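This report goes from one strand and its partners to the overall fold. Please look at the model before reading on.

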Amino acid sequence: MWLDLRRQPESSLSFRAVNRRLFRQDLERFACEPPLPHIRLYHVHYPWYIDVDAANPSGVTLFELFCAIYSSMTQQIHYSDFYNIDMNNEFRDQIGEAWGKRCRTEQERASGVRRVDYLMDKYIMLGIQRGRDGLWEIKTGKP
């Protein structure tokens, strides 16, 4: 798969095995096998968990997964997310640089740093992988 986490899934999501435009029905498939009613995602450079709960008790769908990821990634950060003991100036500079590259308009710049900026230049989602303790890791790469 390929998804630009800075943009809405509808505008940038594609799957290598699907050589056509994606339809809503494509995203109604379960996000994993066996289906799970709850998925908790993480990324090594993203200091927040992303929790996804299924509307249907059978399991989380791809649509629910991508909506939850997009919702989390587009949240504006708080002062304490940027200035804390876990962050050093080098990391802050890298996040600031990612923010500058992401913003295409003055309106985007005015809205401030978003959580997706913590991924820096690795903002293309390539998939998820089962991790430890029931968690799922978001795998990303450079465009």
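Which side chains of strand E2 are buried, and which are not?

## Strand E2

The model is predicted. Strand E2 covers residues 38–43, and its side chains alternate between two faces. Ile39, Leu41 and His43 point to one face and are buried. His38, Arg40 and Tyr42 point to the other face and are not buried. In a regular strand, side chains alternate in this way between the two faces of the sheet.

## Partners of E2

E2 pairs with strand E3 (residues 46–53) in the antiparallel sense, over five bridges. A hairpin of two residues joins E2 to E3. In this pairing, Leu41 stands opposite Ile50 of E3.

E2 also pairs with strand E5 (residues 135–141), here in the parallel sense and over three bridges. Tyr42 of E2 stands opposite Glu137 of E5.

## Overall fold

The protein has five helices and five strands. From the N terminus, their order is β-α-β-β-α-α-α-α-β-β. The radius of gyration is 16 Å, close to the 15 Å that the globule rule gives for 143 residues, so the protein is as compact as a globular protein of that length. The C-alpha trace spans about 45 × 35 × 25 Å along its principal axes.

Of the contacts with a separation of 6 or more, 51% are between residues 24 or more positions apart.

## Burial, surface and charge

Buried residues make up 43% of the 143 residues. The protein exposes about 8,900 Å², and carbon and sulfur atoms supply 49% of this area.

There are 20 positive and 19 negative charges, and the mean positions of the two sets are 4 Å apart.

Terms used: Residues numbered from 1 in each chain as written. Predicted model: local features only at pLDDT ≥ 70, side-chain atom pairs only at ≥ 80, totals over all residues. Heavy atoms only, no water. Helix = DSSP H or I, 4+ residues; strand = E, 2+ residues; numbered from the N terminus. Rg over C-alpha atoms; globule rule 2.2 N^0.38 Å. Buried < 20%, exposed > 50% of the residue type's maximum accessible area, 1.4 Å probe, protein only. Contact = heavy atoms within 4.5 Å. Areas by Shrake-Rupley, 256 points an atom, 1.4 Å probe, with all protein chains shown as cover. Lys, Arg positive; Asp, Glu negative; His and termini not counted. Charge placed at Lys NZ, Arg CZ, Asp CG, Glu CD. Pairing = 2+ DSSP bridges.
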